[in-house]
Amino acid sequence: MEAAPKSACETCPQYNAEGLKKLGVNLNEADFVVALAGNPNTGKSTVFNALTGLKQHTGNWPGKTVTRAEGAFQYNDQKYKLVDLPGTYSLLSTSEDEEVARNFILFGRPSVTIIVADASRLERNLNLVLQVLEITDKAVLCLNLMDEAERNDIEVDTRTLARDLGIPVVATSARYLRGIPELIQTVSDLANGRIVCKPHRIKNIPPNIEKAVTKLSNEIQAVYPDIPNSRWLAFRLLEGDNHVIELLRKGEFVK
Ligand SMILES: Nc1nc2c(ncn2[C@@H]2O[C@H](COP(=O)(O)OP(=O)(O)OP(=O)(O)O)[C@@H](O)[C@H]2O)c(=O)[nH]1
Ligand SMILES: [Mg+2]
């Protein structure tokens with residue numbers, strides 16, 4: 001039997017996935033909060049626009065998104081608030097835009113973090129990926145710009161990558177909406193606990209450092225009982241990270 005021809009709706013660029021409803025700025029009563037993190041210029045805002053129907057600024061240079069933007073979508077009767085963040089190279093960064101991203105990833109308590117990476121420059125993107133995995137249990141790697149990677153004859157073994165990182169990996173070309181349905185499904189599976197991650201973490205921490213980190217982490221929690229990622233903060237304090245010292249002094253985590 002021949003496959004039925006695709007409907008005009010399915011082939012138009014607005015089509016994403018069955019069960020997806022783009023809710024624009026209607027942020028009422030979200031079931032889940034999803035953050036879009038990643039290096040600059042990897043397609044975060046393009047993914048955000050594809051899911052929410054909004055028109056965040058996109059373009060082919062880094063640093064377009066400078067503040068946090070929020071939108072919403074509905075998938076299979078559940079509502080998701082999606083947060084588009086400025087690009088950042090590291091969670092240890094200090095520029096103002098990067099701080100917006102870092103503070104939300106660290107303290108915004110997203111239910112799921114989508115880490116968007118450029119498949120054609122994967123190696124340099126992995127630094128941030130590994131940093132985010134140190135602080136979250138629910139993340140998916142959105143391996144974007146796959147069309148560019150293919151054009152440059154770059155092949156990525158997504159299975160091995162997913163196994164080594166301990167999180168699902170979804171290959172996408174967000175500009176052409178390729179892979180977006182799989183990405184939404186994976187976010188939904190993570191949010192609802194149908195996929196459980198075992199993220200890559202730094203191992204073999206020397207006992208004296210482990211002891212100091214645990215002590216500091218407990219002290220941070222005593223002052224800020226609800227703070228997430230106190231262990232990460234303890235490491236930064238041991239390193240003498242002035243930004244983190246200041247952040248803890250002020251106690252202003254997510255503005
Ligand atoms: N070829 C190709 N281009 C893409 C894809 N996804 C996004 N782009 C383009 O890549 C550029 C950057 O996309 P943005 O969505 O603005 O990237 P961003 O990560 O939000 O960038 P910052 O906000 O600066 O961090 C734009 O020109 C997009 O059209 C893709 O899958 N394939
Ligand atoms: Mg952007």
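**Helix α9**

I began with helix α9, residues 230–239, and looked up its buried positions: Ser230, Trp232, Leu233, Ala234 and Arg236. I note that the model is a predicted one. Next I asked what these buried residues pack against. The partners are α3 (96–107), α8 (207–223) and α10 (242–250). I then checked what follows α9 and found glycine 240, with a positive phi near 80°.

**The sheet**

I traced the strand order. Seven strands make an open sheet, running β1-β3-β4-β2-β5-β6-β7. The pairing is mixed. Which strands stand at the edges? I found β1 (20–24) and β7 (169–171) there. Each has a single partner strand, so one side of each lacks a neighbour in the sheet. I read an average twist of 25° from one strand to the next.

I looked at one pair more closely. β2 (residues 32–38) and β5 (residues 112–118) run parallel and share five bridges. Within this pair, I found leucine 36 bridged to isoleucine 114 of β5.

I also looked for a helix over the β7 end. Helix α6, residues 158–165, lies across β6 (139–144) and β7. I noted its angle to β6 as about 150°.

**The core**

I turned to the largest nonpolar core, which has 68 residues. Which residues have the most contacts inside it? They are Ile114, Leu141 and Leu143. Helix α7, residues 180–191, gives the most to this core, with six residues. I checked the domains too. Domain 1 (16–192) and domain 2 (207–250) both contribute residues, so the core lies between them.

I followed isoleucine 114 further, leaving out residues up to four places away in sequence. It touches Val34, Ala35, Leu36 and Ala37. Its other contacts are Leu82, Val140, Cys142, Leu183 and Val187. Leu36 thus appears in my notes as a contact of isoleucine 114 and as its bridge partner.

**The magnesium ion**

Last, I looked up which atoms coordinate the magnesium ion, ligand 2. I found Ser45 (OG) and Thr65 (OG1), at 2.0 to 2.1 Å. Serine 45 sits in helix α2 (residues 44–52), and threonine 65 in the loop between α2 and β3 (69–75). The pair therefore ties together parts 20 residues apart in sequence.

Are these two residues buried or exposed? Serine 45 is buried, at 7% relative accessible area. Threonine 65 is buried as well, at 9%. I counted a residue as buried under 20%.

Definitions and conventions: Residues are numbered from 1 along each chain as its sequence is written. Chains are lettered from A and ligands numbered from 1 in the order in which they are written. This is a predicted model: local features need pLDDT of at least 70, side-chain atom pairs count only at pLDDT 80 or more; totals for chains, interfaces and linings use all residues. Side-chain values use heavy atoms; hydrogens and water are left out. Two strands pair if DSSP finds at least two bridges between them. Helices (H or I, at least four residues) and strands (E, at least two) are DSSP runs, numbered from the N terminus. Axes are lines fitted to C-alpha atoms, for helices over the stretch in contact, and angles run from 0 to 180 degrees between N-to-C directions. Contact means heavy atoms within 4.5 Å. Donors are N, O and S atoms within 2.8 Å of the metal (3.2 Å for Na, K and Ca); water is not among the atoms, so sites may look incomplete. Buried means under 20% relative accessible area, exposed over 50%, partly exposed in between (1.4 Å probe, protein chains only). A nonpolar core is a set of buried Ala, Val, Leu, Ile, Met, Phe, Trp, Tyr and Cys residues joined through side-chain atoms within 4.5 Å. Domain bounds come from an automatic or database domain assignment.
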